[in-house]
Amino acid sequence: MHGAQIFLSLPLLIPFHRTIIIHPPPIHLLLHTHTRTSKKLSLLSLPRRKAMAATASTLLKSSFAGARLPSTPRVSSPSSVVVSTPRSSGPICASISSSTPPYDLTSFRFSPIKESIVSREMTRRYMTDMITHADTDVVIVGAGSAGLSCAYELSKDPSISIAIIEQSVSPGGGAWLGGQLFSAMVVRKPAHLFLDELDIAYDEAEDYVVIKHAALFTSTIMSRLLARPNVKLFNAVAVEDLIVKQGRVGGVVTNWALVSMNHDTQSCMDPNVMESKVVVSSCGHDGPFGATGVKRLQDIGMISAVPGMKALDMNTAEDEIVRLTREVVPGMIVTGMEVAEIDGAPRMGPTFGAMMISGQKAAHLALKALGRPNAIDGTTQTVPPVWREEFVIASKDDEVVDA
């Protein structure tokens, strides 16, 4: 907020949560420890661990299109206590001082550099990206949870170039927090399969899972996505309009976000353009920059109305948002909460599974529109075997991409 700050006063005495052990775990579970890369602490059954390993063995088997994992066994409980199963991401290093730094901390000096080199490196690489993506395969407008999920799924096909446009300096939308500025993220099953693919730790209950902090999801998917060579994020950039030719959306009109916010304070500041074969609009629900894709479609007469989202109903909303994710006009797919704006579907509030799966569905709709293998028409597994290595390389965390 610019005008005022709101401080929430919480009670000083907050009882700590106590761990309730209903049944002691079998001894073989206590002895089964793993590291992050090869061995992982697991309270899952052996068939479930094998299924998870098979799912993770190839990027071609995404959580959207891959095999369903066996459901977690239900735990009988004499009370209303929910017994959650933690999914560990590996042991935490006991001490950061266990290894010696490869440099002298008592007399540290950086390598010398000219200030002009820093400027040239940033400018050259950014301008190269702008030239490269002036005509691209897919433009995704909005880097919230749905947009990032869409881009992640699309980027598995190394032949497709993807530009993500986000008006904020910090991408992620509302996925940096849960609800009401709380930190935990709730994801209803079976969307947890997407978290398994990303290797994100969570606590597991019967019908949902909980990530300890929403930022863990957002930062993880961003790091995996942006390491891929066929993706470029243009943050602090706003989409001011659409390119429409002969009734088909053919790209977006862009400007610096700060320029877009200050058109009334300056003289004319013309925009730039980015052509694309497919535009995916994931601008979120109504707000200063929300639902701008479908609202612009209404302005130019390509759709009749944008009724806005209805009141909250989690059980109806998430299913509806995934079901209604589609190509609303030729060349433009709508995903995430923007779907609720155009269809009058209920809002779901602080549960994020529909955002992830809607984004993945939008990705496969875009793949279909591009004539690429996809899960919509069942051609995912027809990807040439020679590409399998390229998919794996593109997903490596340590991949370094030269702009």
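Helices and strands here are DSSP runs, numbered from the N terminus. Keep that in mind as you click around, and remember that this is a predicted model.

**Stop 1: around helix H5**

Select Asp199 to begin. You'll find this residue in the loop between H5 and strand S5 (202-204). Check its backbone angles: phi of Asp199 is near 60°, which is a positive value in a residue other than glycine.

Now go to the loop between strand S4 (185-188) and helix H5 (192-198), where Pro190 sits. Which kind of peptide bond runs from Lys189 to Pro190? That bond is cis, with omega near 10°.

**Stop 2: strand S6 and its neighbours**

Next, select residues 208-211, which make up strand S6. Val209 and Ile211 are on its covered face, while Tyr208 and Val210 are on the uncovered one. In a regular strand, side chains alternate between the two faces of the sheet.

Add S4 to your selection: S4 and S6 run antiparallel, joined by four bridges. One pair to look for is Val186 with its bridge partner in S6, Val210. Then add S5, which pairs with S6 over two bridges, also in the antiparallel sense. Here Glu204 has Val209 as its bridge partner in S6. How many residues lie between S5 and S6 in their hairpin? There are three.

**Stop 3: Tyr152**

Jump to helix H4 (residues 145-154) and pick out Tyr152. Is Tyr152 buried or exposed? With a relative accessible area of 3%, Tyr152 is buried, because the cut-off for buried is under 20%. Show side chains and you can spot a polar contact between those of Tyr152 and Glu197, at 3.4 Å. Then select Ala363: its C-alpha is 8.4 Å from that of Tyr152, although the two residues are 211 apart in sequence.

**Stop 4: salt bridges**

The whole structure has 14 salt bridges, so let's visit a few. Start with Lys277 and Asp137, whose side chains meet at 2.9 Å, N to O. This pair links distant parts of the chain, with Lys277 in strand S10 and Asp137 in strand S2 (residues 135-141), 140 residues apart. Lys277 is partly exposed at 46% relative accessibility, whereas Asp137 is buried at 13%.

Stay with S10 and select Glu275, whose side chain forms a salt bridge with that of Lys245 (3.4 Å, N to O). Lys245 is in strand S8 and Glu275 in strand S10, so this pair ties together parts 30 residues apart in sequence. Lys245 counts as exposed, at 52%, and Glu275 as partly exposed, at 34%.

Now move to Asp343 and Arg326, where the closest N and O atoms are 2.7 Å apart. Asp343 belongs to helix H10 (residues 337-343) and Arg326 to strand S11 (residues 326-329), so the salt bridge ties together parts 17 residues apart in sequence. For a network of salt bridges, select Glu121, Arg124 and Arg125.

**Stop 5: two more loops**

Select Ala236, in the loop between strand S7 (231-235) and strand S8 (237-245). Its phi is near 60°, a positive value in a residue other than glycine. Ala236 is partly exposed, at 27% relative accessibility.

Finish at Cys268, in the loop between helix H7 (257-260) and strand S10 (272-281). An unreviewed UniProt entry places the feature "modified residue: 2,3-didehydroalanine (Cys)" at Cys268. Why does Cys268 count as exposed? Its relative accessibility is 66%, and exposed means over 50%.

Key: Residues are numbered from 1 along each chain as its sequence is written. This is a predicted model: local features need pLDDT of at least 70, side-chain atom pairs count only at pLDDT 80 or more; totals for chains, interfaces and linings use all residues. Side-chain values use heavy atoms; hydrogens and water are left out. UniProt positions are given in the numbering used here, feature names are shortened, and annotations may be inferred rather than shown by experiment. Buried means under 20% relative accessible area, exposed over 50%, partly exposed in between (1.4 Å probe, protein chains only). Two strands pair if DSSP finds at least two bridges between them. A polar contact is a pair of N or O atoms within 3.5 Å; within protein, one must be able to donate a hydrogen and the other to accept it, and residues adjacent in sequence count only if both atoms are side-chain atoms. A salt bridge is a side-chain nitrogen of Lys or Arg within 4 Å of a carboxyl oxygen of Asp or Glu.
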